[in-house]
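The following paragraphs lead the reader through the architecture of a protein chain, from its sheets to selected side chains. Please keep the sequence and the structure in view while reading.

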Amino acid sequence: MEEAKKEHFDLVAIGEILVAMLEIGKNEQGNSIFAANPGEGPGGVAAAAARLGARSAYIAKVGNDPLGQSLYEMLRWSGVDVSHVTFDPDEPTTLALIPSEESGGQSAYVRCPGADVRISEAELSRDLIESASVFHFGSESLYDEPARSATLSAVRIAREAGVLVSFAPGCRVSQCKKPETELETIRNAIRLCDILSVKNEEMEQLTGTSNLEEGSAKLLAEGPFLVMITMGNNGVFYRKGECTGYQPVVKRVENYYTGAISETFLGAFLTRLIETGAPREVKKETLDDILGFAIAAGALTASRPGTIRAMPQREEVRRSLQDLQN
């Protein structure tokens, strides 16, 4: 009897997913009004890839509450396989409170500890992880147990199976009680990945330099074959071996909310990179083309409200790039 053929996924992600509560104004009494925008974190990367036509799946845990249900439904709407997203009966869905520019102040996580950190190794599917072309994770699931052990176990399974591993940390050093501990956790995770995407301020925190050439070289020396440093409207700097490059943002946008841009950019980048068939051998010209596509996808998300619902489909990105060339 023939062994059943394993289902293949282009991208599988694990880790935090949260609802961003955006301050959109004040009521008559002067109290803040917030709008729920589900989809930040690795789950957002999976959603962005799915919107662009990739087969993606997500491993996570959300609260058994209205916000957790909305996250689950939004992921399913985007095309993500949610068969490994479970509901925790005891802990709530994690929130991020995002003040408006007029209000000022820092964003804040609401986690106690949060359903997302309750995922355990027992809930992992080896077959699912091994089926992926690329496996993606973030840093939020590395700070608390049992999510830390589950995430590292999933990364180990991916590496042993020869699956490309992508990592995008989220440094919260200014909000962290033990900043050096957090930075060391991220540095250790970088040593496990093949593709690294960091913001320029994160690069500086991790390497001690703001110089893109020096910082990217230090990060590359830790293990990944490709390092991308994103700089918002200032574009993306990258290093692959001795080759470095820069891709600008062709059309600057007055963004509605920056939270989903990184997820859209990375989901689009990984989707196109996988399609080359040989990600490790990709040449500079192709890499520049893929980055241009990913930047355009992120710009479209930034131009409208909705987080996951704002993420574009492939034809939208193609038309946007075509319009920029005309």
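A residue is called buried if its relative accessible area is under 20%, exposed if that area is over 50%, and partly exposed in between. The model discussed here is a predicted one. By this definition, phenylalanine 265 and phenylalanine 269 are both buried. Their common location is helix α8 (residues 261–275), where they are 4 residues apart, about one turn of the helix.

The framework may be considered next, beginning with a sheet of 9 strands. This sheet is open, its pairing is mixed, and its strands follow the order β5-β4-β1-β8-β9-β10-β11-β12-β13. At the edges stand β5 and β13 (243–247), each of which pairs on one side only. From one strand to the next, the twist averages 15°. Two helices illustrate how other elements meet this sheet. Helix α6 (residues 200–207) packs on the sheet and touches β10 (195–199) and β11 (226–230), with a direction at about 105° to that of β10. Helix α4 lies across β1, β8 and β9, and runs at about 155° to β8.

Strand β4 (residues 56–63) deserves closer attention. Strands of a sheet pair through backbone hydrogen bonds, in either a parallel or an antiparallel sense. Strand β1 (residues 9–14) runs parallel to β4, and 4 bridges join the two; within β4, alanine 57 stands opposite valine 12. β4 also pairs with β5 in the parallel sense, over 6 bridges. Here alanine 60 stands opposite valine 85 in β5, and lysine 61 stands opposite threonine 86 in β5. In a regular strand, side chains alternate between the two faces of the sheet. In β4, Ser56, Tyr58, Ala60 and Val62 point one way, Ala57, Ile59, Lys61 and Gly63 point the other way, and all are buried. Because 8 of the 8 residues of β4 are buried, this strand is largely enclosed by the rest of the structure.

A further open sheet consists of 4 strands in the order β3-β2-β6-β7, again with mixed pairing. β3 (32–40) and β7 (108–110) are at its edges; each has a single partner strand, so one side of each is left without a neighbour in the sheet. The twist in this sheet averages 30° from one strand to the next. Strand β6 (residues 95–98) pairs with β7 in the antiparallel sense over 3 bridges, and tyrosine 109 in β7 is the bridge partner of alanine 96. Helix α2 packs on this sheet, touching β2 (18–26), β3 and β6, and its direction makes about 45° with that of β3.

Aromatic side chains offer another view of the fold. A pair of aromatic rings is described by the distance of the centres and the angle of the planes. A search of the whole structure finds 3 aromatic pairs. One of them is the tilted pair of tyrosine 72 and phenylalanine 87, with 5.3 Å from centre to centre and 45° between the planes. This pair links distant parts of the chain, since tyrosine 72 belongs to helix α2 (residues 66–78) and phenylalanine 87 to strand β5 (residues 81–88), 15 residues apart. With a relative accessibility of 17%, tyrosine 72 counts as buried, whereas phenylalanine 87, at 29%, counts as partly exposed. Phenylalanine 265 and phenylalanine 269 form a stacked pair, at 6.4 Å centre to centre and with 20° between the planes. Other rings are accompanied by a charge: the charged end of arginine 55 sits over the ring of phenylalanine 9, 4.4 Å from its centre, and arginine 272 lies over the face of phenylalanine 293, at 4.9 Å from the ring centre.

How buried or exposed is serine 166? This residue is found in strand β9 (residues 164–168). Its relative accessibility is 0%, so serine 166 counts as buried. The side chain of serine 166 makes a polar contact of 2.9 Å with that of histidine 136. Apart from neighbours within four places in sequence, the residues in contact with serine 166 include Phe135, Ile195 and Leu266.

Finally, the backbone has a noteworthy detail. Most peptide bonds are trans. The bond joining glutamate 145 and proline 146, however, is cis, with omega about 5°. Proline 146 lies in the loop between β8 (132–138) and α4 (147–160).

How values were computed. Residues numbered from 1 in each chain as written. Predicted model: local features only at pLDDT ≥ 70, side-chain atom pairs only at ≥ 80, totals over all residues. Heavy atoms only, no water. Phe/Tyr/Trp six-rings, centres within 6.5 Å; stacked < 30°, edge-to-face > 60°. Buried < 20%, exposed > 50% of the residue type's maximum accessible area, 1.4 Å probe, protein only. Lys NZ or Arg CZ within 6 Å of the ring centre and 35° of its normal. Pairing = 2+ DSSP bridges. Axes fitted to C-alpha atoms, helices over the stretch in contact; angles between N-to-C directions. Contact = heavy atoms within 4.5 Å. Polar contact = N/O pair within 3.5 Å; in protein donor to acceptor, adjacent residues only side chain to side chain.
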